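User: I'm new to this one, so could you walk me through a few details?
Analyst: Gladly, and here is the structure to look at as we go.

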Amino acid sequence: ISGIDLATTGATRNGIRACSSNIKPHHYAMLEERLEFASRLVAIADKEGVAREKLFFDIAVQSAATDSESALISLATVKAVKEAFDGVKTTCGLSNASFGLPKRVNINSAYLTCAIYNGLDSAIMDNTNAVYEMTAKAAEVIARPHKEILKFLHLDEEVEKEAPQEI
């Protein structure tokens, strides 16, 4: 049984969400390979009766320090997955984007903004960092203004006080 089969079978049996990544050991796939992997995951989930809204596809962010094209590939993956598979969610390990680089918060914030604009649904990140919280909220205003602008305008004063005005 493959990792994909195991994830979707476990989700079906236990009613939990399935999260899968397209990473092979020591290999970060190109966009076409990532979409093929997502297609296989969605096909198995559909066959097993797992709702697409319960699938989170890890876009496999690699450090810009080791591969300058990696950020663009993972951002393209977000957009392509969202366009190809209605209802499927996307996620990522945010700090992977800046691993090995200085000023990681700045790089991660920039990456988060771009990823949200491309359709990212969730990120594994330091939720105690007010910069990331404000970055995500501001990016939502730009990416989905009709849904998020009122939330942004009425942010809790505590959040406003904690977040720096500029990075």
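Analyst: One term to begin with: a polar contact is a pair of N or O atoms within 3.5 Å, where within protein one must be able to donate a hydrogen and the other to accept it, and residues adjacent in sequence count only if both atoms are side-chain atoms. This is a predicted model, in which local features need pLDDT of at least 70, side-chain atom pairs count only at pLDDT 80 or more, and totals for chains, interfaces and linings use all residues. Residues are numbered from 1 along each chain as its sequence is written, and side-chain values use heavy atoms, leaving out hydrogens and water.

User: How far is the backbone oxygen of Cys 114 from a polar atom of the side chain of Asn 118?
Analyst: The two atoms lie 2.9 Å apart, and Asn 118 itself is found in helix 4, residues 104–118 (helices are DSSP runs of H or I, at least four residues, numbered from the N terminus).

User: Is Asn 118 buried or exposed?
Analyst: Asn 118 counts as buried, at 19% relative accessibility, given that buried means under 20% relative accessible area, exposed over 50% and partly exposed in between, with a 1.4 Å probe and protein chains only.

User: And which residues does Asn 118 touch?
Analyst: Leaving aside residues up to four places away in sequence, Asn 118 touches Leu 75, Val 78, Lys 79 and Lys 82, where contact means heavy atoms within 4.5 Å.

User: Switching to helix 2, which residues there are buried?
Analyst: They are Arg 34, Phe 37, Ala 38, Leu 41, Val 42 and Ala 45.

Terms used: Helix = DSSP H or I, 4+ residues; strand = E, 2+ residues; numbered from the N terminus.
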